[in-house]
2 protein chains.
Amino acid sequence: MTLSEAAYASLRRDIVRGNLPPGQPLRLEALRARYDMGFSPLREALNRLQAERLVLAAPMRGFVVAPLSLDEMWQAIEARILIESEALRLAIARGGDTWEAGIVAALHALRLAAGRGEAEALEARHQEFHLALISACGSNWLLDFARQLSAATERYRAPILAGESGPRDVQAEHAALAEAAIIRKADVAAAALARHYRLTGELIAARLAA
Amino acid sequence: MTLSEAAYASLRRDIVRGNLPPGQPLRLEALRARYDMGFSPLREALNRLQAERLVLAAPMRGFVVAPLSLDEMWQAIEARILIESEALRLAIARGGDTWEAGIVAALHALRLAAGRGEAEALEARHQEFHLALISACGSNWLLDFARQLSAATERYRAPILAGESGPRDVQAEHAALAEAAIIRKADVAAAALARHYRLTGELIAARLAA
DNA sequence: TAAACAAAGATTTTCGAAAATTATGGAATT
DNA sequence: AATTCCATAATTTTCGAAAATCTTTGTTTA
């Protein structure tokens, strides 16, 4: 892996997890010290992240971690529902045995991780599950948009919903979603997906209000 | 404007217009000579374009202009319809006087440009018209995706449909679309938009088959 | 002849310094 | 006191060379 790629991965991680807080200026010298590399790979990574809306750039005055707001969160969630619902319908129409098996496997891995309670691994399994659902959609554009929106919404989830799930049975939602997809009930699956994401949004909004 | 931004704009233009043909390797030394600047701003621009899927990057072996294919074209067109239909519905629900006026103005400018027949300016007006329709949608994500997809589909349109329009009355399609949007008939407008883009796709596909 | 290897060349990637620009703080002016 | 101006400092941006990696070409070996 090149340094430029490593810089991209590290910065993305640190932004999504909130290690680099929203609104924080990203000074090159500080990043250089933090990640132990020169300017070039860092600037290249920042340019990629700018295109993904994780950082903002202003000419001649550098980069900033993209700020968070409730309004922006709902924009991201609704866009994600639009993209992933359609991708899910396409996958349901086109997916074969491999796709089904991928969903079952991802759901199982997600259950196991949820049982162990390692936030780290759980989050990875969660993303993989949602990716497995739409992976057979056949559109690189939709998959790419979904990937970007996943990172954008994760920025709100991770710091606010750490661990706690309240009266909500998230695993049941996932299971129902997987079931609906596999028995090819597109409308049911799409509705479940939308409900799943909107519920998360409302939970975050409620937590922030308090 | 910084050199990095200039590099981004120039490369994007040259890729969308086909001056840099699909699949062509983008050697740094060649770009340096072509755009008269050092490596750094070029690499930063290429990283941004990579995130927008206009160029492909492979570690340690550089960048390539993203190739074209009929399959990729339809993926982009269908994704565009998905995004812009929803954005159009949102804009119709939220748009005010300024939004309406923007559409009327953009349509008028588009008509004037079409009368003059300068492909250069016509294309700019065309993009501005489609942007005006959705500009009031309230979602930065949707606007950004639409912008990317516009560039992706333009790569197919520009070189293949240069000038010629055949038996199709594109201006009538635009006028009908604007009218439906302004009188807030969301379903009609969304259907017109989808038909508009699919027609273009079919025209390109037919032209390529011949 | 084909495969494996090595040297030379081409290309990408990275670094650190130089250039350009913006931000800061204090003195001078109104 | 508030504003303008200027010098200084901090920061971003850009460059060109050096390092690392890949590709090509020719040679040797099986």
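This tour moves through a predicted model, from the DNA strands to a sheet, the chain contact and a helix pair.

**DNA strand D**

Select DNA strand D first, together with the 20 residues that surround it. The closest are A:Gly62, B:Thr2, B:Leu3, B:Ser4 and B:Gly38. Next, colour α2 (28-35) and α3 (39-51) of chain A, then α1 (3-16) and α3 (39-51) of chain B; each supplies at least two residues of the surface near this strand. By class, the residues of that surface are 9 nonpolar, 6 polar and 5 charged.

**DNA strand C**

Move to DNA strand C, which has 20 residues around it. Here A:Thr2, A:Leu3, A:Ser4, A:Gly38 and B:Gly62 come nearest. At least two residues of the surface near strand C are supplied by each of α1 (3-16) and α3 of chain A and α2 (28-35) and α3 of chain B. This surface divides into 9 nonpolar, 6 polar and 5 charged residues.

**The sheet of chain A**

Now display the strands of chain A, where an open sheet of 3 strands follows the order β1-β3-β2 with antiparallel pairing. Because β1 (25-26) and β2 (55-57) of chain A stand at the edges with a single partner strand each, one side of each is left without a neighbour in the sheet. Select β3 (residues 63-65) of chain A alongside β1(A): the two run antiparallel and are joined by 2 bridges. In one of these strands, β3(A), A:Val64 is the bridge partner of A:Pro25. Add α3(A), which packs on the sheet and touches β1, β2 and β3 of chain A. The direction of α3(A) makes about 105 degrees with that of β2(A).

**Where the chains meet**

Show both chains: the contact takes 26 residues from chain B and 26 residues from chain A. On the side of chain B that touches chain A, α3, α4 (70-94) and α7 (140-160) of chain B each give two or more residues. The largest share, 7 residues, comes from α3(B). This side of chain B has 11 nonpolar, 7 polar and 8 charged residues.

**A helix pair in chain B**

Finally, select α5 (residues 97-116) and α6 (residues 119-134) of chain B, which pack at an angle of about 160 degrees with their axes 9 Å apart. The angle therefore makes α5(B) roughly antiparallel to α6(B). Their crossing is left-handed. Among the residues that meet are B:Ile103, B:Leu107 and B:Leu110 in α5(B), and B:Leu122, B:Phe129 and B:Leu133 in α6(B). The contact of these helices has 12 nonpolar, 2 polar and 2 charged residues.

Methods: Residues are numbered from 1 along each chain as its sequence is written. Chains are lettered from A and ligands numbered from 1 in the order in which they are written. This is a predicted model: local features need pLDDT of at least 70, side-chain atom pairs count only at pLDDT 80 or more; totals for chains, interfaces and linings use all residues. A residue is near a molecule or strand if its C-beta atom, placed from the backbone, lies within 6 Å of it. Helices (H or I, at least four residues) and strands (E, at least two) are DSSP runs, numbered from the N terminus. Ala, Val, Leu, Ile, Met, Phe, Trp, Tyr, Cys and Pro count as nonpolar, Asp, Glu, Lys and Arg as charged, and the others, Gly among them, as polar. Two strands pair if DSSP finds at least two bridges between them. Two residues are in contact if their C-beta atoms, placed from the backbone, lie within 7 Å. Axes are lines fitted to C-alpha atoms, for helices over the stretch in contact, and angles run from 0 to 180 degrees between N-to-C directions. Angles under 35 degrees count as roughly parallel, over 145 as roughly antiparallel, 65 to 115 as roughly perpendicular and the rest as oblique. A crossing is left-handed if the near helix is turned anticlockwise from the far one by less than a right angle, and right-handed if clockwise.
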